[in-house]
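Grab a coffee and work through these short exercises on cysteines, cores and a pocket. Try each one by yourself before you read the solution.

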Amino acid sequence: MLPWLHDNDPFPSVESALSTHSGASGLLAASEKLDMQRLLLAYRQGIFPWYEEGQPVLWWSPDPRMVLVPAEFKVFPSLKKTLKRILREPAWEIRVDTQFIHIMTACARVARRAQSGTWITADVLTAYGALHQSGFAHSIETWYADQCVGGLYGVSIGRMFFGESMFALRPDASKIALAALVSHLRWHDVNMIDCQQNTAHLASLGGREIPRSQFIAHLRQAVDKAPIPWRFDKTLLRDVIA
């Protein structure tokens, strides 16, 4: 039976999550509420929420785990050409944390394959908005001609970044934001981005699956390190172009 978490209940061990044969691989627990403190506790243990409107809050810790090692980020020739243009042209900007809720809302509106709705519900917006106000959640934003045309958001604890979602209104705008994130994390010695679940898109950019045990071992040492600053200079993009 799936554990039901009340306000002060701890999460069960991630090893107790449902297996690949269950039809809900990685499902660990359920709860009624989603709030900032529960989210911080979850991320520190390799757990994340994923559910739709009308469902209880469902908590997951899949095995294997999809990650992107910043040093392994793949920049295809077309994206490299785009990044070089961004460095040359003032109309292109990379901004951080100027439109966090807007980025989340834009991610929620993106139509995705095999999904009829979005997990970015009103409760999710509120909870992650609180994380943002407390300095734990951040948006990387691609701007062109003073218009936000793409971006991504996620959670940063210590030297660990947990990616949540991305969107693009122009070709490659989300990949530009990801390249900016990767260059920023490389600069600050963050060696892993949690991508949660496997997608062909992430795999094409260098993402890969690792055993949950390996992910948790890295996570435990990374989250206790000093947090990184969140100021970005787009010249850092030269690192991923090289």
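**Exercise 1. Work out why Cys195 has no bonded cysteine partner.**

Solution. Start with the distance: the closest cysteine sulfur to that of Cys195 belongs to Cys107 and is 14 Å away, too far for a bond. The cut-off here is that a disulfide is a pair of cysteine sulfur atoms within 2.5 Å. Next, check the surroundings: Cys195 has a relative accessible area of 13%, so it's buried (buried is under 20% relative accessible area, exposed over 50%, partly exposed in between, with a 1.4 Å probe and protein chains only).

Before going on, note that this is a predicted model, where local features need pLDDT of at least 70, side-chain atom pairs count only at pLDDT 80 or more, and totals for chains, interfaces and linings use all residues. Residues are numbered from 1 along each chain as its sequence is written, and side-chain values use heavy atoms, with hydrogens and water left out.

**Exercise 2. Count the disulfides, then check Cys148.**

Solution. The rule gives 0 disulfides. Cys148 is in none, as its nearest cysteine sulfur, that of Cys107, sits 9.4 Å away. Cys148 is also buried, at 12% relative accessibility.

**Exercise 3. Find the residues that touch the most other members of the largest nonpolar core.**

Solution. A nonpolar core is a set of buried Ala, Val, Leu, Ile, Met, Phe, Trp, Tyr and Cys residues joined through side-chain atoms within 4.5 Å. The largest has 50 residues, and Trp59, Tyr128 and Tyr153 touch the most other members. Now zoom in on Tyr128: beyond its neighbours within four places in sequence, its contacts (heavy atoms within 4.5 Å) include Leu39, Phe100, Met104, Tyr153 and Glu164. There's also a second, separate core of 36 residues, with Leu68, Phe161, Ala177 and Ala180 among them.

**Exercise 4. Place His184 and say whether it is buried or exposed.**

Solution. His184 belongs to helix α5, residues 173-187 (helices are DSSP runs of H or I, at least four residues, and strands are runs of E, at least two, numbered from the N terminus). At 2% relative accessibility, His184 is buried. Setting aside neighbours within four places in sequence, its contacts are Ile228, Pro229, Trp230, Arg231, Phe232 and Leu236.

**Exercise 5. Locate Asp35 and describe how open it is.**

Solution. Asp35 is in the loop between β2 (27-31) and α1. With a relative accessible area of 37%, Asp35 is partly exposed. For a long-range check, Asp35 and Gly163 are 128 residues apart in sequence and 18 Å apart in space, C-alpha to C-alpha.
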